[in-house]
Amino acid sequence: MTQRFYLLAASQVTANVGFVLYTMAVTSYIKENTGSTALASMITMTSLLARLLSGLSVPLLADTYKSIHIMRSVQVMQIGMLVGLYVLLTQEFTVTVLTMGFIIVGIISFFNGFFSIFKTSVVRSLVNDSQRMQANSLLSTIDQTFLFAGWSLGGFVLSLTGSTQSLFITAGLLSISFVCLLFIKEVHTYKQTQKRRAAIMEGWRFLWIHKRIRALVIMDIIESLFGTIWIGAITLSFVKEVLGKGEAWWGYINGAYYFGSIVGGIIVYRMSSMVKGRLLLFMFLGSLGYAVLTGFYGLVTNPYLALVLLIMMGPAYQLRDVAQETIYQNTCSNGMLPKVIAAKSTLVQAVFILSIVFVGTVADLFGVRFVYLFSSFMLLLTALIGMAGLMYNKHSIEIDKTPAERRGGI
């Protein structure tokens, strides 16, 4: 890996940890001043909607500016918005302050959506074909490690500094992220070659026309429909109703999930040379393992066994996730990649928003245990149908190989 790649990893980590602290700070502020859990939870909904809009806007920028330039610009915008949010939250709390706060949160999330989408394109530019799987798994491992620390220590930081002062720490972390990006140069340039309307639709057309990518996106959409089984309300209900434990175990469950992701990232990183030539196979195994373990999790009543199962999910989830991202990078050109990722992210975000209501309703009607068992069945069905669709195309094995391997007839 090059020095530029590690600078990108540092930029991603500081940005994501900052976003964790900022989310906790704003949520805590709203809960303290309104006493409403519903209003506090709207932070997540606002963030999701804003990211959906940023995904729709990506094609307007992808053909005109380098990905690294966009990433730098959005960091500056977010830092400015954080300063404005700090000034706002130091004022006397009113409905106007609350409304303006949600607007600023939406703007910050809008810009943050650009960062995550264009990051994938920059990784493709910085890393050789043969190292792409290893790079993605390493980025995921580093990110999950610091996210685990961020969510674990965020409450402690908030207790020391308070909600508003924590925003300064977030601004500092984003400033570090911005400085790291200054030392990264992208070798690819993009030119506006078509009208804006055509550019907006290009990524969506690619998703529809390219059978292999379309199959991956359909799998992602169905998986995101049941991804809300891990949101706070569902997890807390499972801890209390099924495991018979209190809020402390809610934290243990979240910690085990992140710890499993870290372990999974390390395992996938060590296996990267084996996995990169068999992306479809290992993606299927990861999806299958994740579905089965989710089903077992829904059946358990022993809290310690639940922690073990969550840790075991980490390698399966990371194997599926990293293999999918590598397939996108291997299949799409540098100019097309951000448009495809943006279109996919928009669909996934939209489905995830709808699934919050869907999964909550199912839990109320049939119980929280049924949610996990039904999700396991659907995830298993999705893995089997998705992989059958991918393998049906006689040339689908091409995406398991890098461009250099395909040229050499390997």
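Two helices stand out around the largest cavity of this predicted model: helix H1 (3-34) and helix H4 (95-126) each supply at least two residues of its lining. Let's look at that cavity, and then at how H1 packs against its partners.

**The cavity**

The structure holds 5 cavities of 30 Å³ or more, and the largest of them contains about 60 Å³ of space. Which residues line the largest cavity? They are Val26, Tyr29, Ile30, Leu89, Val97, Leu98, Gly101, Phe102 and Val105. H4 gives the most to this lining, with 5 residues. In terms of chemistry, the lining divides into 8 nonpolar residues and 1 polar residue, with no charged ones.

**How H1 packs**

Two packed helices are described by the angle between their axes and the distance between the axes. Here are those values for H1 with H4 and for H1 with helix H6 (residues 163-182).

| Helix pair | Angle between axes | Distance between axes |
|---|---|---|
| H1 and H4 | roughly 160° | within 11 Å |
| H1 and H6 | about 165° | 8 Å |

Angles over 145 degrees count as roughly antiparallel. H1 and H4 are therefore roughly antiparallel to each other, and H1 passes H4 in a left-handed crossing. By class, the contact of H1 with H4 has 17 nonpolar, 4 polar and 2 charged residues.

Who takes part in the contact of H1 with H4? On the H1 side, the residues are Arg4, Phe5, Leu8, Ser11, Gln12, Ala15, Phe19, Tyr22, Val26, Tyr29 and Ile30. On the H4 side, they meet Val97, Leu98, Phe102, Val105, Ile108, Ser109, Asn112, Phe115, Lys119, Val122, Val123 and Leu126. Some names here will be familiar from the cavity: Val26, Tyr29 and Ile30 of H1 are in this contact and also line the largest cavity. On H4, Val97, Leu98, Phe102 and Val105 likewise belong to the contact and to the cavity lining.

Turning to the other partner, H1 and H6 are therefore also roughly antiparallel to each other, and their crossing is left-handed. The residues of the contact of H1 with H6 divide into 17 nonpolar, 8 polar and 1 charged.

Definitions and conventions:
Residues numbered from 1 in each chain as written. Predicted model: local features only at pLDDT ≥ 70, side-chain atom pairs only at ≥ 80, totals over all residues. Heavy atoms only, no water. 1 Å grid on protein atoms, 1.4 Å probe; cavity = no way out; pocket = protein on both sides within 12 Å on 5 of 7 lines; lining within 4 Å. Points joined across faces, edges and corners; volume = space filled by probe spheres on them. Helix = DSSP H or I, 4+ residues; strand = E, 2+ residues; numbered from the N terminus. Nonpolar A, V, L, I, M, F, W, Y, C, P; charged D, E, K, R; others polar. Axes fitted to C-alpha atoms, helices over the stretch in contact; angles between N-to-C directions. Parallel < 35°, antiparallel > 145°, perpendicular 65-115°, else oblique. Left-handed = near helix turned anticlockwise from the far one by under 90°. Contact = heavy atoms within 4.5 Å.
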